[in-house]
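Biologist: Got a minute to go through this model with me? I'd like to hear about the surface and the aromatic rings.

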Amino acid sequence: MANIAIHTVSGLLLFGLVYRTLSFPNIPDRYREQASLLAGIIALTWSVHPLQTQSVTYIIQRYESLMGMSFLLCVFCLAYSANSSRRWIWFVGCFVACYMAMVSKEVAVVLPLLLLWYDRAFISPSWKVLARNHFPLYIATFCTWLVFLPIAQKSEQSLKRFNVAYVVETSIVDGQVQEQAIGAWDYLLSQPQAILFYLRLVLVPYGQSLDHGWRSTTTFAQAALPGLFVLLLVGVTIWSMVKYPRWSFLGGWFFLILAPTSSILPIKDVAVEHRMYLPSAAVLAFLVLIGFEGLCRHYGSQKHSITQVRRGILFGGITLALIFGGVTLSRNEVYRSGFSLWTDVVAKAPEFARGYYGLARAYVDEEQYEPAIAPLQRALELDPAYAEAYVTLGRIVRTSQPDYATQLFATAVKVAPDYSEAHNNLGAMLTQKKPEVALEHYQQAILLNERNADAHNNIANLLARSGRLPEAIHHYEVALSIRPDFELAAMNLKTVRQLAAAQDREQPNSN
């Protein structure tokens, strides 16, 4: 419900933004007179479009919808600040919304630039006027970039862990595992096809998937034709900045919002549908407005002709919204369970490991462990560096096949030495036979993730067995502070405290 509420607010903000924009005095009369109708059609088609499903229905993508709502609110406040007697109130709202967008998701980094573009295209008649009237606003909004300083200071190892900036793709060639580092150029070559794919999904939302499994290994020949088309679109946007500055904002909205994820910064996910949450608004707005312009030119400007134009745009918009809404309802059926969601992913990307891992996790979440083994093994065949799959499979077989589980956890540590869970589980398997080595792995697990409650509980168990009760009590307490409902840690803590109390009582007697 929260995601639906956020998306509904975003749709209303989009309506308000488009309505206000089309109502500006410098907009042609035919648009101003039909501002409410056009804004309603644009907001409606955007709100019900099936491409939004991933951002709205898939809870983990709430970051995207939150960022989108804050992003729209920021531009909305700028639009309504024009000619307002309470301009500073709108400016404060604009700044707060900009900050909210920045802390929601990194793609909002382009927001201050889009504010400038919108301001110059619709509000300020010149850069001089813009600087005189809105200089404090832009100083404030550009200062929100400071939010990203901690990200800039992240280590290379940390970025690798999140599959950003330092991306490695694993493949099997002639039976041998090969790794390929994906650089900026490799990723750039993959993006023209991704951008055209996004545009196709806006126009014809067929073949959607939570995880398309695209790889960055695209040759220059494969990227050439899509690249030329994308460059043409970018060129038209730049040209229209001079010739048709208001229309150019739609191109700027589309390309700037996609720029952080669809240009040169390598990301493991080459193409993901939720990236089109905001950019799709520009495409749909262009379609509706260009359709309206075509109807106006076809029917002319007579009074009776305006009625025909209104009927045409209303019929076309509602028809489009009904089609999109129907596809969205159908698409949402896939999200009803983890099984249906990941089965859909595997069917559409059978050579991509993450789909099989997701399907296995769906089985594990339902405590169906045996059926999860086959998809996990398939995931590891496709991606021999998939640390999470090693750990999940190891947990399933650790009772029935302890040696195999130990091997799986050791491999996970080898392929992902900064993965806390891999160290914790390997330590658990080594506790009985090699307690010193197990202790090292527990300590490493905590060093990598100090909020790993299981690792604190496990190291406490090991310390308690070796008689280091005060240290064990400390780790039990930390585990419970992280996870207050950790019943096993609570029971262990109670037992060890009793042992410690008994030792304290015995010490005076021994003296």
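Modeller: Sure, here is a quick tour of a nonpolar patch and some ring contacts. This is a predicted model, where local features need pLDDT of at least 70, side-chain atom pairs count only at pLDDT 80 or more, and totals for chains, interfaces and linings use all residues. Residues are numbered from 1 along each chain as its sequence is written, and side-chain values use heavy atoms, with hydrogens and water left out.

Biologist: Which helix gives the most to the nonpolar patch?

Modeller: Helix 12, with four residues. Helices here are DSSP runs (H or I, at least four residues), numbered from the N terminus.

Biologist: And Leu 287, where is that found?

Modeller: In helix 14. Leu 287 counts as partly exposed because its relative accessibility is 35%; buried means under 20% relative accessible area, exposed over 50%, and partly exposed in between (1.4 Å probe, protein chains only).

Biologist: Switching to rings: how many aromatic pairs does the structure hold?

Modeller: There are 20 aromatic pairs. Rings of Phe, Tyr and Trp (its six-membered ring) pair if their centres lie within 6.5 Å; planes under 30 degrees apart count as stacked, over 60 as edge-to-face and the rest as tilted. Phe 197 and Trp 214 form a tilted one, 5.0 Å centre to centre with 45° between the planes.

Biologist: Is Phe 197 buried or exposed?

Modeller: Buried, at 13% relative accessibility, while Trp 214 is partly exposed at 27%.

Biologist: Which rings are linked into a cluster?

Modeller: Phe 71, Tyr 118, Phe 122, Phe 249 and Trp 253, through ring pairs.

Technical notes: Helices (H or I, at least four residues) and strands (E, at least two) are DSSP runs, numbered from the N terminus.
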